[in-house]
Amino acid sequence: MEGVSVRKIKKICVFCGANSGKDVAFVNAAFHLGEVLGKRKIDLVYGGGKLGLMGCVSTAVAQHERQVLGIIPSAFTINNLVGETCGKEIKVATMQERLVMMMELSDAFIALPGGFGTLEELFQMISWAQLNIHNKPIGVLNINGFFNGLLSFVDHAVKQEFITPRARKILISATTADELVDKLQAFRFEPDPTLSKLKWSPSSSQKEKLDLTLRL
């Protein structure tokens, strides 16, 4: 990375499945990502609990004595539905509040294999970056080609002129954890000249959470 300015990343939010998936490589990669974050002295923000890949990555980070923060809707904590969070836990009322808090408390985002929830979180962060709500790097860890179809679809949307080439650069991908973290650190945000003019106002609530209301 010689000659490339390096972004300081202290906390990475990881989106991933509450299931382990069919391929044992997904579990191994989740543990390895946690090890990489721990060795690089990067703390973890995630969705809480100990199920599936979420449990794997959080356990690995904690084993390397880094901070783990689980942000979890209160509904998931009833009857211990998702298991005990490995580290500190913050309970929120809604899924939207959870995602906003994840955005505010993290310096970058990584998606591991997962289902609809993982994809929703990933694309919400990409959309917010495109709208200039944040300028933090976002990447997918493409284990055994899991995200090949998704990346091809995004490229197809670029060809069909629904996604701009500039916006396409928001989504980073790599096949190893070390490579992906390196790319996140080297990421340079290029805001859209038009969308960068949007003004997003902070909420007036006591919690001072981000109010995603466009001020025209």
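This is a short tour of a predicted model, stop by stop, with something to select at each one.

**Stop 1: the largest pocket**

Start with the largest pocket, which has a volume of about 290 Å³. Select Cys16, Ala18, Met54, Arg98 and Glu121: of the 22 lining residues, these lie nearest the pocket's centre. Colour the lining by class and you should get 13 nonpolar, six polar and three charged residues.

Which elements supply at least two residues each to that lining? Show strand 1 (11-15), helix 4 (95-105) and helix 5, and you have them. Helix 5 gives the most, with five residues, and that makes helix 5 a handy place to go next.

**Stop 2: helix 5**

Select residues 116-130. Helix 5 has 15 residues and reaches 21 Å from its first C-alpha to its last, close to the 21 Å expected at 1.5 Å a residue. Now show side chains for Thr118, Glu121, Leu122, Met125, Ile126, Trp128 and Ala129, which are buried in this helix. Look down the axis: these residues cover an arc of only 165°, which puts them on the same side of helix 5. The spacing of such residues has a simple background: an α-helix has 3.6 residues a turn, so residues three or four places apart point the same way.

Glu121 is worth a label here, as one of the buried residues of helix 5 and also one of those nearest the centre of the largest pocket. Then step past the end of the helix to Asn132, which follows helix 5 and has a positive phi, near 70°.

**Stop 3: a side trip to Met101**

Go back to helix 4 and pick Met101, which is found there. Met101 is buried, with a relative accessible area of 8%. If you draw a distance from its C-alpha to that of Lys199, you get 19 Å, for two residues that are 98 apart in sequence.

**Stop 4: the phenylalanine cluster**

A search of the whole structure finds three aromatic pairs. Select Phe26 and Phe146 to see one of them: the ring centres are 5.6 Å apart and the planes are at 80°, so this pair is edge-to-face. Phe26 lies in helix 1 (residues 24-39) and Phe146 in the loop between strand 6 (138-141) and helix 6 (148-159), so the contact ties together parts that are 120 residues apart in sequence.

Add Phe147 to the selection. Phe146 and Phe147 make another edge-to-face pair, at 4.9 Å centre to centre and with 90° between the planes. Ring pairs thus link Phe26, Phe146 and Phe147 into a cluster.

Which of these rings are buried, and which is partly exposed? Turn on a surface to compare. Phe26 is buried, with a relative accessible area of 11%, and Phe147 is buried too, at 2%. Phe146 is partly exposed, at 36%.

**Stop 5: helix 6**

Carry on along the chain to helix 6. This helix has twelve residues and reaches 17 Å from its first C-alpha to its last, close to the 16 Å expected at 1.5 Å a residue. Select Leu150, Leu151, Val154, Ala157 and Val158, which are buried. They cover an arc of only 115° around the axis, which puts them on the same side of helix 6. Now rotate the view to the other side of helix 6, where Phe153 and Lys159 are exposed.

**Stop 6: loops and backbone angles**

Two loop residues deserve a look at their phi values. Asn144 lies in the loop between strand 6 and helix 6, and its phi is near 50°, a positive value in a residue other than glycine. Asn144 is exposed, with a relative accessible area of 58%.

Lys41 is found in the loop between helix 1 and strand 2 (43-46). Phi of Lys41 is near 60°, again positive in a residue other than glycine. Is Lys41 buried or exposed? Lys41 is exposed, with a relative accessible area of 58%.

Last, select Gln67 in the loop between helix 2 (52-63) and strand 3 (68-73). Gln67 is exposed, with a relative accessible area of 56%. Add Lys88 and draw the C-alpha distance: the two residues are 21 apart along the chain and separated by 7.9 Å.

Key
Residues are numbered from 1 along each chain as its sequence is written. Side-chain values use heavy atoms; hydrogens and water are left out. Helices (H or I, at least four residues) and strands (E, at least two) are DSSP runs, numbered from the N terminus. The expected span of a helix is 1.5 Å times one less than its number of residues. Buried means under 20% relative accessible area, exposed over 50%, partly exposed in between (1.4 Å probe, protein chains only). The arc is that of the directions from the helix axis to the C-beta atoms. Rings of Phe, Tyr and Trp (its six-membered ring) pair if their centres lie within 6.5 Å; planes under 30 degrees apart count as stacked, over 60 as edge-to-face and the rest as tilted. On a 1 Å grid over the protein atoms alone, a cavity is a set of points where a 1.4 Å probe fits but cannot get out, and a pocket is an open set with protein on both sides within 12 Å along at least five of seven lines; lining residues have an atom within 4 Å of a point. Grid points are joined across faces, edges and corners, and a volume is the space filled by probe spheres set on the points. Ala, Val, Leu, Ile, Met, Phe, Trp, Tyr, Cys and Pro count as nonpolar, Asp, Glu, Lys and Arg as charged, and the others, Gly among them, as polar.
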